[in-house]
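Trainee: Could we go through the ligand site in this structure together? I would like to begin with the polar contacts.

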Amino acid sequence: MSELVLHEFAPSGNCYKIRLTASHVGQPIERRSYDILKGETRTPEFLATVNANGRIPTLQIGETFLPESNAACLYLAHGTPLIPKERFAHADMMRWLFWEQYNHEPNVATLRFWHGWVGEDNLSELQRANLPGKRNAAIAALALMDDHLSRTDWFAAGRFTIADIALYAYTHVAEEGQLDLTPYPHLRGWLARVASQPGHVPIDA
Ligand SMILES: N[C@@H](CCC(=O)N[C@@H](CS)C(=O)NCC(=O)O)C(=O)O
């Protein structure tokens, strides 16, 4: 077994963030796959060893397990230019990582999962009731990103950081969640900039 193992569901943007960070820092990573649609992250073995929270991704480092996608990106990019050292720039990068988890991923990623994997006809009553709210919140998140990117090429520190990686993961596939990116020219320009960085790998690699 290699030193680093990613416990993942490959189409998940949260898992892709980690593979993308690993590729940018030139860190090989072994991949172990779970089918979240079959509850494979909810087994007693998974909960006892990989993540008590019952979710992927988890980055395994030797005998230790690190759940939460952005924590894994921080671990992999430690000491590289993907994490600014300067005090404000570092905090500002963290700000976008927190924002991604609170305002972006729960809306943009959830819509992609509901439309792309679950299917609108199979949504529970509660999910169906939450659909308009998720959609409004996702559109607000995309609009906020577009506005920020009208003033700067990158989210933090004036350069490509793991904040860009974390936000790219679900934004570039937002249309799979029936979110139209046409109204956001600055966002689309940024998506192209991220994809043209040396070391970039696509989500389906
Ligand atoms: N905040 C977590 C979110 C992890 C998460 O929501 N994982 C989803 C797939 S992207 C999952 O494992 N779902 C399966 C389940 O809940 O059973 C992270 O960033 O890693």
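Mentor: In this predicted model, a side-chain N or O atom of threonine 41 lies 3.4 Å from an oxygen atom of the ligand.

Trainee: And what is the distance from the side chain of glutamate 68 to a nitrogen atom of the ligand?

Mentor: That distance is 2.6 Å, taken to an N or O atom of the glutamate 68 side chain. For serine 69, a polar side-chain atom is 2.6 Å from an oxygen atom of the ligand.

Trainee: How much of the ligand's accessible area does the protein cover?

Mentor: The ligand on its own has 510 Å² of accessible area, and the protein covers 80% of that.

Trainee: Which residues come nearest to the ligand?

Mentor: There are 13 residues around the ligand, and those that come nearest are Arg42, Ile56, Glu68, Ser69 and Gln101. By class, the shell consists of six polar, four nonpolar and three charged residues.

Trainee: Turning to pockets, which one does the ligand take up?

Mentor: The ligand occupies the space of the largest pocket, whose volume is about 690 Å³.

Trainee: What lines that pocket, and which residues lie nearest its centre?

Mentor: The lining of the largest pocket comprises 25 residues, with Asn14, Ile36, Arg55, Ile56 and Glu105 nearest the centre. Of the lining residues, 11 are nonpolar, nine polar and five charged.

Trainee: Which helix gives the most to the lining?

Mentor: Helix α4, spanning residues 87–118, gives the most to the lining of the largest pocket, contributing eight residues.

Terms used:
Residues numbered from 1 in each chain as written. Predicted model: local features only at pLDDT ≥ 70, side-chain atom pairs only at ≥ 80, totals over all residues. Heavy atoms only, no water. Near = heavy atom within 4 Å. Polar contact = N/O pair within 3.5 Å; in protein donor to acceptor, adjacent residues only side chain to side chain. Areas by Shrake-Rupley, 256 points an atom, 1.4 Å probe, with all protein chains shown as cover. 1 Å grid on protein atoms, 1.4 Å probe; cavity = no way out; pocket = protein on both sides within 12 Å on 5 of 7 lines; lining within 4 Å. Sits in = over half its atoms within 2 Å of the grid points. Nonpolar A, V, L, I, M, F, W, Y, C, P; charged D, E, K, R; others polar. Points joined across faces, edges and corners; volume = space filled by probe spheres on them. Helix = DSSP H or I, 4+ residues; strand = E, 2+ residues; numbered from the N terminus.
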